[in-house]
Amino acid sequence: MKYYLLGKTGLKVSELCLGAMTFGQEWGWGASKDESRKIFNAYVQAGGNFIDTANKYTEGTSEKYIGEFIASDRNRFVLATKYTSNTRRGDPNAGGNHRKSMVQSLESSLERLNTDYIDLYWVHAWDHTTPIEETIRALDDMVKEGKILYAGISDAPAWIVSQANTLADLKGWTEFTALQIEYSLIERTPERELLPMAGALDIGITAWSPLGNGILTGKYNKNKDQLQQQQQRQQQQQEHHPRSESSTSSTSSSAAKESSSAAAAAAAAAAEVVEGGSSRLNMLKSMSPDMINSLLSDRNIIIAEEVSRIASEIGCSAAQVGLNWIRQQRQQRPRQPIIPIIGSRKESQIKDNLACLESELSDEQLRRLNEISKIDLGFPHDFLKSEMIRDIIYGGTYSSIYNHREQEQEH
Ligand SMILES: NC(=O)c1ccc[n+]([C@@H]2O[C@H](COP(=O)([O-])OP(=O)(O)OC[C@H]3O[C@@H](n4cnc5c(N)ncnc54)[C@H](OP(=O)(O)O)[C@@H]3O)[C@@H](O)[C@H]2O)c1
């Protein structure tokens, strides 16, 4: 596991963050305490130090479990939690981004997490009502009191974050150090405004739902049954011809082992869906059919199928391909590493996800994934890139200008 410097700070966070939204079963699709501990232990054993939770996850259980798991080594962890979500239905002040909500929420989180400080305190979502000056001024007070060390913001428009950090810079207040966005092969719209903003302001980036709620693991693919059968056949062939395997070169033997473990991972994931029951999407089906329909859109399944094809080529799992596409964005934006917040409901899933550190996508595979998942950047980006507008601005000199800042501006 490698470590990144978070945004403008000297704080070192591991290149994979542990998402704890699945810790606890209050929402119908999480992990028991015992399983959550195993997930946590596997992450820590792999060298992870960055943990993400929120005041509202599993109605507070996630924070309680984390508090217990980190207690014996609290200072080793970069502990992040969030406020904004309402915790007392019917009370308009029991949520939102104003000072009263922040103070109350922070006190409750500190208690559940059994700690006296939070390393990174997130505004969970823009609330459309609280002036941003109030929020960042109050966060600055929390830093001065030593209750939080850094502040971050999640689920907010780029203009709000830019406004906040510009104001904080001028006033000498605490700036937002990190950004939390939904970003994956099926949700690339942050490429329009949020990622360029984070690059320009040197804000650290974390990506939530990196596997699109599990879709990119391939377990909801339309052809998953075929894929499962094909991969089981391959696995059986490996098992029935051990001699031919030992007579092959060491390279093809290790490729066979990888392909066999990829087959096992795909078969296990597909079997889990066939079993139905406890997977997140199966649970959400009855609660929010619209959300499920949009998650399982034709576009998303086509992307997930390409991810599975590439996984078979490499001999790794589809989840690892989905995570590595995010991690390898740093090839295009070297100054902007993106940290996936990995979510797992089982120990076997976290182990599978952590193993993304052992494989890599080729340029050709990245190109195929970029192509199949591409989005329109829309106005003003497409307009400004058009030949006609470039000609109006540069008078025919555009191609003769070497712009060393182009990469940061164009992505
Ligand atoms: N700021 C925000 O608004 C926001 C929103 C959402 C999440 N988050 C953060 O981001 C973290 C990750 O989000 P997420 O849980 O939605 O991430 P995700 O990776 O998109 O989905 C995780 C789910 O996919 C399935 N899965 C994961 N790995 C798998 C594997 N190797 N094989 C098969 N299935 C696998 C599991 O669900 P099943 O087994 O149930 O199918 C797992 O719970 C959360 O824990 C939270 O910390 C933040």
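1. A good place to start is the ligand: the shell around the ligand takes at least three residues from each of domain 1 (3-215 + 314-358) and domain 2 (216-299). Those domain bounds come from an automatic or database domain assignment.

2. Before going on, keep in mind that this is a predicted model, where local features need pLDDT of at least 70, side-chain atom pairs count only at pLDDT 80 or more, and totals for chains, interfaces and linings use all residues. Numbering runs from 1 along each chain as its sequence is written.

3. Which residues are closest to the ligand? They are Gly 19, Met 21, Leu 211, Gly 214 and Gly 343, out of 29 that surround the ligand (a residue is near a molecule if its C-beta atom, placed from the backbone, lies within 6 Å of it). Two elements, β10 (338-343) and α14 (347-354), give two or more residues to this shell, and α14 has the largest share, 3 residues. Helices (H or I, at least four residues) and strands (E, at least two) are DSSP runs, numbered from the N terminus.

4. Now the largest nonpolar core, with 85 residues: Tyr 121, Leu 179, Ala 207, Leu 216 and Val 307 touch the most other members. Such a core is a set of buried Ala, Val, Leu, Ile, Met, Phe, Trp, Tyr and Cys residues joined through C-beta atoms within 7 Å; buried means 20 or more other C-beta atoms within 10 Å of a residue's own. Helix α13 (residues 318-327) supplies the largest share, 6 residues. Both domain 1 and domain 2 give residues to this core, so it lies between them.

Definitions and conventions:
Buried ≥ 20, exposed ≤ 12 C-beta atoms within 10 Å, placed from the backbone.
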